[in-house]
Amino acid sequence: MVKYKQTLEVLKIMKNIDQIRNIGITAHVDHGKTTLSDTLLSMAGLLSEKLAGQVLALDYLDIEQKRQMTVKAANVSLYHEYKGKPYVINLIDTPGHVDFQSRTLRALRALDGAIVVVDAVEGVMTQTEMYLRVALEERVRPILFINKIDRLIKELKLSPSEIQQRLVQIVKDINTLIMNYADKEFQKAWLLDPAKGQVAFGSARDRWGLTIPLAAQKGIKISDIIDVYNRGKDAVAELQKAAPLHEAILDMVVKYIPSPREAQKYRIPKIWHGDPNSEIAKYMMECDPNGPLIMMVTDVKVDPHAGLVATGRIFSGTLRPGEEVYLVNAKSPQRILQVSLYMGPYRELADEIPAGNIGAALGLDKARAGETVVHPSLKDVMVPFERMRMITESVVTVALEPKNPQQLTKLIDSLYKLHLEDPSLIVKINEETGEYLLSGVGTLHIEIALTLLKDLYGLDVVASPPVIVYRETIRTESKIFEGKSPNKHNKFYISVRPLDEATIKLIQEGLITEDMDPRERAKILREHAGWDADMARRIIAIDENINIFVDMTTGVQHLREVKDTVVQGFRLAMKEGPLAQEPVRGLLVILHDAVIHEDPAHRGPAQIYPAIRNAIFAGMLTSQPTLLEPILKFDIKTPMEYIGNLSVLITKKRGRIIDIQQSENLARVIAEIPVSESFDMADMLRNATAGKAIWGQDFSRWAPVPDSMLMDLVAKIRQRKGLKPEPPKPEDFISL
């Protein structure tokens, strides 16, 4: 039994690919994404009109309602008629706060278009820029909604011409970003032209909206809107009827966002690096519902009654219950038990969901976000979709323990479920101290996770104060060190050197991966990072923290048989470096030679791992080792008179000002501040600017800790982990 009657209409129409649109709503935090979603839901009959804009229906978790903030991506399928023709609009409302960006980035993979929402008063902010950039990199076409026009009238009391100037400036700023970040062939085609109706403006809370063509057609001018707000509530209600927001937005979506068939032609070559001339590519680029099933999982949820629900975009074929599928990354066959559509918090069952749509499947217990799900016939030939890269990293950690010790098993299970739903929440167990460590993107990310543990799983936990996760690296090249296995039968000759910035950038952007064709990888490294061709071809591992392992040996007996163990030894060494047992970043490890015992009994992991680790650590400790700390970029808008206070605050926080731009009496300050100094930044910013600053932040880069602080910091981290405060010496790992 379906909950909403329009679900039946949606299921009928979604078979016609040209009548489908896949869109997301994305913006800086608090610019009005979820309020806009409410309005669209009420239009579709999924929400009463009286409640729209107040209930935040897609923020259906308790914590989202209490905090008035989106912390996960929510899907809903809407029915809309444009010029008498019905359309299905698959909509995803995404979080704006930087701590939850991994969910927004995953949602973008399922979409063909994005409604970028900008607050008319605040303008284009950090997260607006960040999410628009990623959307353009994924070839997701943007359209624009300038929200909160009522604030320009009621708070700033601007004249019609000043309001017009403000809108023109926002469109100009968005178009500059499109020119900067879109691929060449889309730069001009995707520029927003307000005269064509590619930009809407209005108020999501008051549920009215217009585009320039609609305003001309209805004879509504900016001066009329000012008059409406001066006359009060009843006049605003009339404006809602005369210019309903959903009409402006959804007409714009149908007209300017491409259908899946159109979009997949240019999106597939970007997000899938298989052979563009293969049969598989043809099925996906034609969005063929009769082809073999190919789906990319963008989100997994743990349903307390049903188990794991995998949601994703179907690029080819049709998703049906009862069918066998194959998970390419997990290398595992599975059977789909149930197929459904998400309508906010509810799932509506479906008999089938064809290519071009976003569907949910039950039964794929081994699927994780980023998984490629295919028909079993493609098991050996399917190249998985490009990995989705994260812009920010999980750099804030807390140690957890349940208030009730008997709930320890439940805590482990619940943390595992939270990690499944949000892979940027990382769970580790500290073997030395027995602590359960939870790492997140920021303090808010952790705070929300702890609240979810209580709300969803009934767990009260005690958390330590948040600490920063640093990275270990080196500044010079080491000589070759010999690493011996404990039984002295295996020897490895290894040196280390720092990776150059060009290589790090290639790995970060996903242009270089461990599982790509070695010749193609070598070509990119040679051309873009100046690598030696022979060394580039001999890469055998690229670790998740951006470290590379190269095998430069020739003719070493038995090395092939232990290669996997050697690589695993390298990965383990990269997880916890010698200085402070923090993850290692930006290291090139070179294996020059090896002596391997002929008897497999003498060359197991217990012998190989320490030998590899000891040689790498000795190399690191003789190569000017240091710690890297995560740096945040702050984008602060403030009245000019507070610039002096801001400069003092930023300097006090070990930060630096990168740029100051002035427009009228407002200044926009771009600054960098270490994460470790940023915990009380919100309060400090309010104090420094008498509460008049608006700001955004995102992850900027990793930077070396100042030498004057290094040894103190290393000692503190080591003591916190129950280690001796002094770091080890090279001779602790190797006899020099």
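**Buried rings, a five-stranded sheet and a pocket**

F570 counts as buried, its relative accessibility being 0%. This value, like the others in this section, comes from a predicted model. F549 is likewise buried, again with a relative accessible area of 0%. The two residues meet in one of the seven aromatic pairs that the structure holds. Their ring centres are 4.9 Å apart and their planes lie at 15 degrees; because planes under 30 degrees apart count as stacked, this pair is a stacked one. F549 belongs to strand β27, whereas F570 sits in helix α20 (residues 559-575), so the contact ties together parts of the chain that are 21 residues apart in sequence.

An edge-to-face arrangement is found for F699 and W702, whose rings are 5.9 Å apart from centre to centre, with 65 degrees between the planes. Both members of that pair, F699 and W702, are buried. Elsewhere, three aromatic residues, F186, W190 and Y266, come together in one cluster.

The strand that carries F549 leads on to a sheet. Strand β27 is part of an open sheet of five strands, arranged in the order β24-β25-β28-β27-β26 and with mixed pairing. Which strands stand at the edges of this sheet? They are β24 (481-484) and β26 (539-543); each has a single partner strand, so one side of each is left without a neighbour in the sheet. From one strand to the next, the twist averages 25 degrees. The partner of β26 is β27 (residues 547-551), and the two run in the antiparallel sense, paired over four bridges. Within this pairing, D543 has N547 of β27 as its bridge partner.

Two loops deserve a closer look for their backbone angles. Q581 is not a glycine, yet its phi is positive, at about 55 degrees. This residue lies in the loop that runs between α20 and β28 (587-595), and so the loop joins the helix of F570 to a strand of the sheet. Is Q581 buried or partly exposed? With a relative accessible area of 24%, Q581 is partly exposed, since buried means under 20%. A second positive phi in a residue other than glycine occurs at Q624, where the angle is near 50 degrees. Q624 is placed in the loop between α21 (605-621) and β29. At 45% relative accessibility, Q624 also counts as partly exposed, because exposed would require over 50%.

Strand β29 also takes part in a pocket, the second largest in the model. Rolling a probe the size of a water molecule over the atoms shows where empty space is left. The second largest pocket has a volume of about 1,200 Å³. Its lining is made up of 36 residues, and V121, R166, K637, S663 and L666 lie nearest the centre. The elements that contribute two or more residues to this lining are the helices α5 (126-137) and α7 (160-181), together with the strands β29 (625-639), β30 (656-663) and β31 (666-674). Which element gives the largest share of the lining of the second largest pocket? That element is α7, with eight residues. By residue type, the lining of the second largest pocket divides into 15 charged, 11 nonpolar and 10 polar residues.

Note on methods. Residues numbered from 1 in each chain as written. Predicted model: local features only at pLDDT ≥ 70, side-chain atom pairs only at ≥ 80, totals over all residues. Heavy atoms only, no water. Pairing = 2+ DSSP bridges. Axes fitted to C-alpha atoms, helices over the stretch in contact; angles between N-to-C directions. 1 Å grid on protein atoms, 1.4 Å probe; cavity = no way out; pocket = protein on both sides within 12 Å on 5 of 7 lines; lining within 4 Å. Points joined across faces, edges and corners; volume = space filled by probe spheres on them. Nonpolar A, V, L, I, M, F, W, Y, C, P; charged D, E, K, R; others polar. Phe/Tyr/Trp six-rings, centres within 6.5 Å; stacked < 30°, edge-to-face > 60°. Buried < 20%, exposed > 50% of the residue type's maximum accessible area, 1.4 Å probe, protein only.
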